[in-house]
Amino acid sequence: MFRDRLIYRLFLMLLLVSAITMLSILAVTRDEMEKIKEGMDVLLIEKQVLNDFISISFYMFFLSFLLSLFLSQKILHPVKELYKGALSIKEGNLIKIQVPKTYDELKEVIDVFNEMSASLKEKTEELERKNRDIKDAKDFLETVMDSIEDEIVIINRDMKVVKVNRAAMRKYHDSDLLPAEASFDDKDIKDRTCYRIFHKKGQRCDIEDCPAMTVFQTGRTYRTIHTHTDDKGNKSSYEIVASPVFDHQGDVVYTIEVLRDITDRMRYEEELNRKNKELTVLNSIAGILSRALTEKNAIQEAIFQVVDMLGMDDGGIFLIDDRTNELVCYLTDKKLPYGNNLPSNVIRSGIIHISSDMSGNSDLIPYWFSELGIRSCCCVPLKGRDRMIGALYLFSTEPHDFSEEDRVILRSAGDMIGIAIEGIKLYDELKNLRITEKGLADMVFNSISEGLYTIDNNYTITSMNRAAEEMLGLSSKEVIGKKCMEVIGHREPGYDKILCDSNCPLSLSLKGEGITRDADYIRSDGRRLSLRLSCSPLKDSRGKVIGAVEVFSDVTKEREIDRMKTEFVKTVSHEFRTPLSAIVGMTEMLLEDEVQGERAKEYLNTIMKEGERLAAMVTDLLDISRMESGEWILNRAEIDFNLLMHDIKKTLLSMLNRKKIQLETSIGNNVKCFMGDREKLKQLLINLITNSINYSDEGSLIDVNINRNGDRLLIRVSDTGWGIPIEDIPHLTRKFYRGKHGIKTKGTGLGLALCKEIARLHGGDISFTSRLGMGTTVTVELSFEGKADE
Amino acid sequence: MSKVIVIDDEPFVLMMIEDKLRRAGIQVITLRESINALPVIKKERPDLIILDWMMPELSGLDLCKMIKSDIELKDIPIFMLTAKGQDTDKQLGLKSGAIQYITKPFSPKALLEMVKKFLDRGEGI
């Protein structure tokens, strides 16, 4: 398009020039033609024409030249301007070409040129901006690098340092190798190899140990702890993180090493590790010793720990035996005089003794170690609470250097072991004391026949002994932790009213009073117990009431005996009063001669009979007394039961006759040689038959059957009397017991108790079968003791 | 002539009292069984009853209560003559209606004095 228009313009310009030339020629020709017509000489005409032609051509040329000059000026000015613009761009000046009036094509060229120039200017400005940014970033990076305390060193593949930060400069500036202030461009460092900077003697690191080399080889970040040595031989530890820097092709071109001086940290860590180890060992010893209270071997274990930590061979402990003034090996019981020897000296001085190489100084070796070839030893005093209690002795068959730390550990271990051993002794003493006290207390607590339970200040039961459990029918597991009023709840003697409301004896004891009283308790099985309670406050060591204790005894039997004794006294008194009435009254009347003759004789017989009755009662009482005191013994002799029954019938005849009771007797032939106490068996039979008479209606029948069954002699007394209420049967042989029928009859309640004892003395027992209204059979079963020749 | 019924299961007591009172001119009826006493009392209408406590089948105390609850017999005075010497027994006996409580052993002479004294104060001999 542009080219087409330019050609078009050039064509127009040529056309214009041609036209002008043609017009000029035409004008000249017409003039010459006019002159020919007018008859001019041809030659002259030719010459004139030539002159005219030359003139015209000259004019034409001149005109064309002017025109061309004009036209070329019009065309070439913009081109010139373009040229200038291009030169300007070449010089780096991006200007805009100003052409106020030009041809279209050139204007387009200039416009394009201007656009190109503007674009270039923009790009250039952007580049400049980016360059500034890069510079800023570089400055920032340098600032950051310089701000980092760690040393940063950038190393190229030739192992030359290309960049260091300020920290690295400070580190190495005092050497000749790095100036105080270095930069990336510093010529001073460009040819320096890293190992010459880090290791002043310039020895190259081993390849395996060189972080930069490793990064170049592997292309990966490498971390290591490196030791640098300065020219004075001082070693510094560095924690190095070496990272690769890649070029655009992915090749490692630099290694950035960040070096942190951890010399102090390493030293602290080393110190810490050492302390830690020391503490671990001491802690381990402390842990072992804490078990030592219950385990004597723990002491040995603790010694092993110390021995192990110090690298010794073995050791032992010597303790002062105050009684014998000797040192006794704690674990082997071997003895050493407490005198002039190493352990004794150490104990007396309280100072640790250390011999790193004693080379046969046998004074320092306990005699039973002398054959072990000990070369080094240490002896540490063991300190108790307020005095030295012994010494710890450690030895080795090799010389041994003891550091200051070893001394510290030994001192600490000695103190701990000393306290532990003293603790063991105290614990053992306390344990023995406690075992004795507690065992005794438990034994007493659970062995006493009295029931005992304790409560705290809130009436919660805190303990209960075995006797209380049995008496109350409770389990201590069930009641401990419960309120006493909920599980026990004593009652007023003889009444159902609970004592817990206002008369609680324990509440008085909680106020500090001791109190004794009677109370009843109803068991879960319904049995009622009579208890004698004694309540006291429980006080702690400062005298503060922390609860109360109730000690109680089951006095149910005693109460029953008391009741029966009271009843007995009443009965005896009644029984005594009746015969005494005969004696007193009839004697009085006889003395006043109010009766005479046969009547008087009858009176006297009555007096005698009632006197005998009194005597019999006294005999029964005495028998019971003897029976209870164990003085009742048998006088065995062969018994003729037929004769015995004959005598008894005679004795009881009047009673039998009065009630018209028939007494039948059947005696087996196999009882003839029975050896027994005749008087006591007579008493037994009289008691049983008298009971049958007393508890039978008139006209009843009593049958006495005496027979042998194997090695037993059986005496059966059966009647057709009133019978015995079933609830009375279990109690019939109890002293002073009188059944429901007792109110109707006279008696002391001693007869059947005596019968049972007589049967027991004969190796037997007594039993009852009875039906109310039908009669009773009493069976006495005795061990058949025959004559020796039978 | 005053009439006294004596009830006791001990024959010698009956014998002794009968002898003593009869010699003093008092008519005495003796009974050994309390269980059969009530009809006799009703029939005889005694001036005084001397009653033992401890007797089989029917105690003197119960008999006393029966007499005192009988509209015809309730006014007959009763002496309780018993071996039961406790104070509580005495209270119980007097509460049941007896006007005199005498404990065994007793003096027949003293008993006669008490009987005479009572009968003199009442109907007289």
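Biologist: Which residue takes a positive phi just after helix 17 of chain A?
Modeller: The model is a predicted one. Helix 17 of chain A covers residues 597-629. Just after this helix a residue takes a positive phi of about 75°, and that residue is A:G630.

Biologist: What should the 33 residues of helix 17 of chain A span at 1.5 Å a residue, and how far apart are its end C-alpha atoms?
Modeller: The expected span is 1.5 Å times one less than the number of residues. For the 33 residues of helix 17 of chain A this comes to 48 Å. The span agrees with the model, because the end C-alpha atoms of the helix are also apart by 48 Å.

Biologist: Which helix of chain B do the buried residues of helix 17 of chain A pack against?
Modeller: The buried residues of helix 17 of chain A are A:Y603, A:T606, A:E610, A:D620 and A:I624. Within chain A they pack against helix 16 and helix 20 (751-761). From chain B they are joined by helix 1 (11-23).

Biologist: Which helix gives the most to the side of chain A that touches chain B?
Modeller: Between the two chains, 18 residues of chain A are in contact with 21 residues of chain B. By class, the side belonging to chain A has six nonpolar, seven polar and five charged residues. With 13 residues, the element of chain A that gives the most to this side is helix 16 (residues 556-591).

Biologist: In what order do the elements of chain B run from the N terminus?
Modeller: Chain B has 125 residues, and 43% of them count as buried. Its secondary structure comes to five helices and five strands. Read from the N terminus on, the elements are β-α-β-α-β-α-β-α-β-α.

Biologist: Which residues have the most contacts inside the largest nonpolar core?
Modeller: This core has 42 residues, and helix 1 of chain B gives the most to it, with seven. One residue of the core, B:I50, touches B:V4, B:V6, B:I17, B:F79 and B:L81, leaving out residues up to four places away in sequence. In soluble globular proteins, nonpolar side chains tend to be buried together. The residues with the most contacts inside the core are B:V4, B:I17, B:I50 and B:L51.

Biologist: How many residues are in the other core, which has A:L327 among them?
Modeller: This core lies apart from the largest one. Its members include A:L327, A:C379, A:Y393 and A:L410. Its residues number 38.

Biologist: What part of the 790 residues in chain A is buried?
Modeller: Chain A has 20 helices and 23 strands. Among its contacts between residues at least 6 apart in sequence, 56% join residues at least 24 apart. The buried part of its 790 residues is 27%.

Biologist: Why are strand 2 (161-164) and strand 3 (222-229) of chain A each left without a neighbour on one side?
Modeller: These strands belong to an open sheet of five strands in chain A, with antiparallel pairing and the order 2-1-5-4-3. Strand 2 and strand 3 stand at the edges, so each has a single partner strand. Neighbouring strands of the sheet are turned by 30° against each other on average, direction ignored. The reason for the free side is therefore the place of the two strands at the edges.

Biologist: Which residue stands opposite A:E151 in strand 5 of chain A?
Modeller: Strand 1 (residues 151-156) and strand 5 (residues 252-261) of chain A pair in the antiparallel sense over six bridges. Opposite A:E151, in strand 5, stands A:L259.

Biologist: Which are the edge strands of the sheet with the order 13-12-16-15-14 in chain A?
Modeller: This is an open sheet of five strands with antiparallel pairing. Inside it, strand 15 (residues 528-539) and strand 16 (residues 545-554) of chain A pair over nine bridges, and A:S536 stands opposite A:V549 in strand 16. The strands that pair on one side only are strand 13 (461-464) and strand 14 (515-522) of chain A.

Biologist: Which residue takes a positive phi in the hairpin of strand 22 and strand 23 of chain A?
Modeller: Strand 22 (residues 765-771) and strand 23 (residues 775-783) of chain A pair in the antiparallel sense over seven bridges. The hairpin has three residues between the strands. The residue with a positive phi, near 85°, is A:G773.

Biologist: Is A:M388 buried, exposed or partly exposed?
Modeller: A:M388 lies in strand 11 (residues 388-396) of chain A. A buried residue has 20 or more other C-beta atoms within 10 Å, and an exposed one has 12 or fewer. A:M388 has 17, so the residue is partly exposed.

Methods:
Residues numbered from 1 in each chain as written. Chains lettered and ligands numbered in written order. Predicted model: local features only at pLDDT ≥ 70, side-chain atom pairs only at ≥ 80, totals over all residues. Pairing = 2+ DSSP bridges. Helix = DSSP H or I, 4+ residues; strand = E, 2+ residues; numbered from the N terminus. Axes fitted to C-alpha atoms, helices over the stretch in contact; angles between N-to-C directions. Contact = placed C-beta atoms within 7 Å. Nonpolar A, V, L, I, M, F, W, Y, C, P; charged D, E, K, R; others polar. Core = buried A, V, L, I, M, F, W, Y, C linked by C-beta atoms within 7 Å.
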